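Here's a quick tour for anyone meeting this protein for the first time. Have a look at the picture, then read on.

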Amino acid sequence: MGLVDSLVGKSFRDEKAGRVVVFSGDRRNRGYVVKSDAEELKIRSFLKMFYAAHFSILLLGMLVANAWSTFIIHIHAFGRPDAHLLRTVGIFLAVYSLLVGAPYFLLWRSYKKALLNFVSVQDEVLVSGRSGERKSWIVSLWLVAFGALILLGAIFYLVGRK
């Protein structure tokens with residue numbers, strides 16, 4: 001789980017006020033002082049659980065959406081997939097947004113509510129900067145581009161088999 005550990009590790013920083021946790025999804029540059037090592041371990045385990053659920057929803061949602069959209073496309077005889085590539089991708093995106101949208105919304109809502117159990121408003125501090133945010137956006141962009149290439153390759157492979 002090196003990917004999850006690296007994502008969780010980026011949430012913790014050393015600031016003037018001490019050890020600070022910065023939660024993803026905050027619009028402001030705020031962090032919360034972590035008072036003890038036990039509290040940091042508790043927050044780390046929560047963030048690992050959140051990221052594991054996050055990736056599970058996205059990955060399993062993609063796999064199930066792919067299977068269901070393939071079934072819908074072939075059962076309703078929309079014609080050859082290469083003639084209707086835009087329709088095929090549209091059906092996949094519609095099924096994916098339905099399968100992933102609701103669970104991801106519920107996960108995000110419970111994440112926001114659970115944050116208040118780990119930190120208090122009195123421990124809020126301003127953080128100096130966004131450490132590593134530029135790198136994380138570049139890595140995310142490369143991962144999205146790589147995923148799109150894999151998806152396009154799979155589509156062309158499946159179209160070529162017909």
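## Strands, helices and cores

In strand 3 (residues 30-33), R30 and Y32 point one way while G31 and V33 point the other, and all are buried (under 20% relative accessible area, with exposed over 50% and partly exposed in between, using a 1.4 Å probe and protein chains only). Strands here are DSSP E runs of at least two residues and helices are H or I runs of at least four, numbered from the N terminus. This is a predicted model, where local features need pLDDT of at least 70 and side-chain atom pairs count only at pLDDT 80 or more, while totals for chains, interfaces and linings use all residues. Residues are numbered from 1 along each chain as its sequence is written, and side-chain values use heavy atoms, with hydrogens and water left out.

Strand 3 has these pairings (two strands pair if DSSP finds at least two bridges between them):

| Partner strand | Direction | Bridges |
|---|---|---|
| Strand 2 (residues 18-21) | antiparallel | 2 bridges |
| Strand 4 (residues 124-126) | antiparallel | 3 bridges |

V20 has V33 of strand 3 as its bridge partner, and G31 is matched with V125 in strand 4.

Now for helix 2 (residues 37-75), which is where you'll find E40. E40 counts as buried because its relative accessibility is 11%. Skipping neighbours within four places in sequence, E40 is in contact (heavy atoms within 4.5 Å) with F12, R19 and V34.

The largest nonpolar core (buried Ala, Val, Leu, Ile, Met, Phe, Trp, Tyr and Cys residues joined through side-chain atoms within 4.5 Å) has 20 residues, of which V21, F23, I43 and L47 touch the most other members. Helix 1 (2-9), helix 2 and helix 3 (85-118) each supply at least two residues of this core.
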